[in-house]
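Work through the exercises below with the sequence and the model side by side. Try each task before reading its solution.

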Amino acid sequence: MDNITATSAKIKVTHNGKMADSWYGLLTTDTTTREDELIEQTVAELTAGDLSSQLIFNKNYTKILSPLSPSTTYKYIAFGLTEDGVGYGDRAVVEFAT
């Protein structure tokens with residue numbers, strides 16, 4: 001995480017897989033539910049079209065998360081995900097507050 005303000009934050013994600021490996025980034029204010037449960041819920045709610053359009057294929061990725069609510073705690077989870085919605089590899093989690 002970088003440049004956290006009251007309404008935005010910059011996230012940088014780097015993975016050590018292949019360039020073509022796809023992954024998904026999940027931003028949530030639910031900081032109590034286990035990450036594997038949050039991932040399952042998110043993938044179950046995505047349709048095939050949503051999923052393929054939201055996968056990220058960059059090894060080095062930077063995104064501004066905005067708009068965020070002031071004085072709020074967030075969790076960002078990056079995890080490997082195929083176009084069929086199958087998870088793979090290890091996930092990374094960061095928790096931050098605006």
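**Exercise 1. Place glutamate 83 and list its distant contacts.**

Step 1. Glutamate 83 sits in the loop between β4 and β5. Helices (H or I, at least four residues) and strands (E, at least two) are DSSP runs, numbered from the N terminus.

Step 2. This is a predicted model, where local features need pLDDT of at least 70, side-chain atom pairs count only at pLDDT 80 or more, and totals for chains, interfaces and linings use all residues. Residues are numbered from 1 along each chain as its sequence is written, and side-chain values use heavy atoms, with hydrogens and water left out.

Step 3. Set aside residues up to four places away in sequence. Glutamate 83 then touches Ser22, Leu51, Leu55 and Phe57. Contact means heavy atoms within 4.5 Å.

Step 4. Take one of these partners, leucine 51. Leucine 51 and glutamate 83 are 32 residues apart along the chain. Their C-alpha atoms are separated by 6.6 Å.

**Exercise 2. Write the order of elements and judge the overall form.**

Step 1. Count the elements. The protein chain has two helices and five strands.

Step 2. Read from the N terminus. The order is β-β-α-α-β-β-β.

Step 3. Check compactness. The radius of gyration is 13 Å, close to the 13 Å that the globule rule gives for 98 residues, so the protein chain is as compact as a globular protein of that length. The radius is taken over C-alpha atoms, and the rule is 2.2 Å times the number of residues to the power 0.38.

Step 4. Add the box. Along the principal axes, the C-alpha atoms fill roughly 35 × 25 × 25 Å.

Step 5. Look at sequence separation. Among contacts between residues at least 6 apart in sequence, 76% join residues at least 24 apart.

Step 6. Note burial. Of the 98 residues, 33% count as buried. Buried means under 20% relative accessible area, exposed over 50%, and partly exposed in between (1.4 Å probe, protein chains only).

**Exercise 3. Find the buried face of helix α1 and what covers it.**

Step 1. Helix α1 spans residues 35-45, and Leu38, Ile39, Thr42 and Val43 are buried there.

Step 2. Look down the axis. The buried residues of α1 fall within an arc of 125°, so they line one face of the helix. The arc is that of the directions from the helix axis to the C-beta atoms.

Step 3. Turn to the face away from the buried side. Glu40, Ala44 and Glu45 are exposed there.

Step 4. Identify the cover. It includes β2 (23-28), β4 (73-81) and β5 (87-97).

Step 5. Zoom in on leucine 38, a residue of α1. Its relative accessible area is 5%. Beyond four places in sequence, leucine 38 is in contact with Leu26, Thr28, Asp30, Thr33, Lys75 and Ile77.

**Exercise 4. Compile profiles of lysine 59 and tyrosine 61.**

Step 1. Lysine 59 is in the loop between α2 (48-54) and β3. It is partly exposed, at 24% relative accessibility.

Step 2. List its partners, leaving out residues up to four places away. Lysine 59 touches Val13, Thr14, His15, Asn16, Gly17, Lys18 and Met19. From lysine 18, 41 residues away along the chain, the C-alpha separation is 7.6 Å.

Step 3. Tyrosine 61 belongs to strand β3. At 17% relative accessibility, tyrosine 61 is buried.

Step 4. Outside four places in sequence, tyrosine 61 contacts Ile11, Lys12, Val13, Trp23 and Ile56. Aspartate 90 is 29 residues from tyrosine 61 in sequence, and 17 Å away in space, C-alpha to C-alpha.

**Exercise 5. Locate the backbone features.**

Step 1. Find the cis peptide bond. It joins serine 66 and proline 67, with omega about -5°. Proline 67 is in the loop between β3 (60-65) and β4.

Step 2. Stay in the loop between β3 and β4 for serine 71. Its phi is near 55°, a positive value in a residue other than glycine. Serine 71 is exposed, at 69% relative accessibility.

Step 3. Move to asparagine 3, in the segment before β1 (9-14). Asparagine 3 has a phi near 50°, again positive in a residue other than glycine. Its relative accessible area is 48%, partly exposed.
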